[in-house]
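Here are a few short exercises to work through with the structure open. Try each one yourself before you read the solution.

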Amino acid sequence: MDKTKTQQTWQHWLRFSAFTLAGVAMEGSTPTPHTSVVPAPKAKKWRTVS
């Protein structure tokens with residue numbers, strides 16, 4: 001692999017990781033639209049087949 005290809009790969013990776021981290025940080029900073037917690041419905045038991 002020549003030097004320019006390696007450099008391009010690193011630059012691409014750095015841009016992608018910065019974009020991803022910025023997205024995660026922005027998503028974590030936004031308030032949730034609903035604050036009430038709704039419990040999940042209980043799981044149904046599977047019927048046993050004889």
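**Exercise 1.** Which residue's side chain has a polar atom 3.0 Å from the backbone oxygen of Leu14?

*Solution.* Keep in mind that this is a predicted model. Start at the backbone oxygen of Leu14 and look for a polar side-chain atom: the one at 3.0 Å belongs to Ser17. Next, place Ser17 in the fold: it sits in helix α1. Last, check its cover: Ser17 has 18% relative accessibility, and the cut-off for buried is under 20%, so Ser17 counts as buried.

**Exercise 2.** Work out how the aromatic rings pair up, and what kind of pair you get.

*Solution.* Count first: the chain has one aromatic pair. The partners are Trp10 and Trp13, with ring centres 5.9 Å apart and planes at 75°. Planes over 60 degrees apart count as edge-to-face, so that is what this pair is. Now look at the backbone: Trp10 and Trp13 are three residues apart in helix α1, which puts about one helical turn between them. That helix covers residues 3–29.

**Exercise 3.** Which residues make the nonpolar surface patch of about 380 Å²?

*Solution.* Go back to the two tryptophans and check how open they are. Trp10 comes out at 52% relative accessible area, so it is exposed. Trp13 has 48%, so it falls in the partly exposed class. Add Leu14 to Trp10 and Trp13, and you have the patch.

**Exercise 4.** Now zoom out and describe the chain as a whole.

*Solution.* Begin with secondary structure: there is one helix and there are zero strands. Then take burial: of the 50 residues in the chain, 2% are buried. Finish with the surface: the accessible area is about 5700 Å², and carbon and sulfur atoms account for 66% of that.

Conventions. Residues numbered from 1 in each chain as written. Predicted model: local features only at pLDDT ≥ 70, side-chain atom pairs only at ≥ 80, totals over all residues. Heavy atoms only, no water. Patch = residues over 30% accessible without salt bridge, like charges linked within 9 Å, V, L, I, M, F, W, Y side chains within 5 Å. Areas by Shrake-Rupley, 256 points an atom, 1.4 Å probe, with all protein chains shown as cover. Salt bridge = Lys/Arg side-chain N within 4 Å of Asp/Glu carboxyl O. Helix = DSSP H or I, 4+ residues; strand = E, 2+ residues; numbered from the N terminus. Buried < 20%, exposed > 50% of the residue type's maximum accessible area, 1.4 Å probe, protein only. Polar contact = N/O pair within 3.5 Å; in protein donor to acceptor, adjacent residues only side chain to side chain. Phe/Tyr/Trp six-rings, centres within 6.5 Å; stacked < 30°, edge-to-face > 60°.
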